[in-house]
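Colleague: Before I set up any calculation on this protein, I would like to learn how to read its salt bridges, its burial and its empty spaces. Could you take me through them one by one?

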Amino acid sequence: MPQTQDVVELILQDHRRMEDLFRQMRSVEADRAGALREFSALLVAHAVAEENEVYPALKRYKNIDDEEVEHGEHEHDEGNEALLGLLQVEEAGSEEWDSKLEELVEAVTHHADEEERTILNGARENVAMPRREELGAAFLEERERQLKADCGSVENVRRIVQSAKSS
């Protein structure tokens, strides 16, 4: 269980874990496929929890830009599409793997950086700690529910990507 319930800190912790997993997926000495499985589950669970529990609540705050929140949702779609590309690569460490991994790193790193500068800083400045802790508890609960449902499986990621394209 994380030390904090502050939704801003919880999201930042996930971002740092994703960066660690990127390093593992790039390393010839690491279990790249295992790192990808963990990354896939974390990315999907994290995004679903943000979209279901955090983003709708933050849109209610007048000093948090709704367009930034909606842009964050769009970037989740891009990250999921890049994730699916990597999940479909046959051989970890192949040229195709490296290429798809860099597309994923670029999409997720861009989103995390933007989210941290805009949405999370806005939440830090405009949302009282008790409310951030409530959102953190809801975020963790939804994230855990997603992880238990094997949200990072290639089948589920494919379904998410197809659903986003059709909406």
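**Reading salt bridges and spaces**

Modeller: Let us begin with one side chain, R132, which is buried, with a relative accessible area of 8%. Please keep in mind throughout that this is a predicted model.

Colleague: With which side chain does R132 meet in a salt bridge?

Modeller: The general idea is to look for a side-chain nitrogen of Lys or Arg within 4 Å of a carboxyl oxygen of Asp or Glu. Here the side chain of R132 meets that of D6, with 2.7 Å from N to O. Because R132 belongs to helix α5 (residues 129-148) and D6 to the segment before α1 (7-26), the pair ties together parts that are 126 residues apart in sequence.

Colleague: Is D6 buried or exposed?

Modeller: The cut-off for buried is under 20% relative accessible area, and D6, at 4%, counts as buried.

Colleague: How many salt bridges does the structure hold, and which side chain does R16 meet in one of them?

Modeller: The structure holds 13 salt bridges, and in one of them the side chain of R16 meets that of E116, at 2.8 Å from N to O. R16 lies in helix α1 and E116 in helix α4 (residues 95-126), so this pair ties together parts that are 100 residues apart in sequence. R16 is partly exposed, with a relative accessible area of 34%, whereas E116 is buried, at 18%.

Colleague: What does the salt bridge between K59 and E70 tie together?

Modeller: Their side chains meet at 3.8 Å, N to O, and since K59 sits in the loop between α2 and α3 while E70 sits in helix α3, the parts tied together are eleven residues apart in sequence. Both ends count as partly exposed, K59 at 29% relative accessibility and E70 at 42%. Salt bridges can also share partners, as they do in the network that joins R16, E19 and E116.

Colleague: Now to a polar side chain: where is S40 placed, and which residues is S40 in contact with beyond its neighbours in sequence?

Modeller: S40 has its place in helix α2 (residues 32-58) and, at 0% relative accessibility, counts as buried. Leaving aside neighbours within four places in sequence, S40 is in contact with L83, L87, G152 and V157. A polar atom of the S40 side chain lies 2.6 Å from the backbone oxygen of G152.

Colleague: How should I read the empty spaces, and what volume has the largest pocket?

Modeller: Rolling a probe the size of a water molecule over the atoms shows where empty space is left. The largest pocket has a volume of about 230 Å³. Of the 13 residues lining this pocket, those closest to its centre are V48, E51, D77, N80 and I160. The elements that give two or more residues to this lining are α2, α3 (66-87) and α6 (154-166), and α2 gives the most, with five. By class, the pocket lining has five nonpolar, five polar and three charged residues.

Colleague: And how many cavities of 30 Å³ or more does a search of the whole structure find?

Modeller: The search finds three, and the largest cavity has a volume of about 60 Å³. Its lining includes L43, H76, N80 and H111, and α2, α3 and α4 each supply at least two lining residues. For this cavity α3 gives the most, with four residues, and the lining divides into four nonpolar, four polar and one charged residue.

Conventions. Residues numbered from 1 in each chain as written. Predicted model: local features only at pLDDT ≥ 70, side-chain atom pairs only at ≥ 80, totals over all residues. Heavy atoms only, no water. Buried < 20%, exposed > 50% of the residue type's maximum accessible area, 1.4 Å probe, protein only. Polar contact = N/O pair within 3.5 Å; in protein donor to acceptor, adjacent residues only side chain to side chain. Contact = heavy atoms within 4.5 Å. 1 Å grid on protein atoms, 1.4 Å probe; cavity = no way out; pocket = protein on both sides within 12 Å on 5 of 7 lines; lining within 4 Å. Points joined across faces, edges and corners; volume = space filled by probe spheres on them. Nonpolar A, V, L, I, M, F, W, Y, C, P; charged D, E, K, R; others polar.
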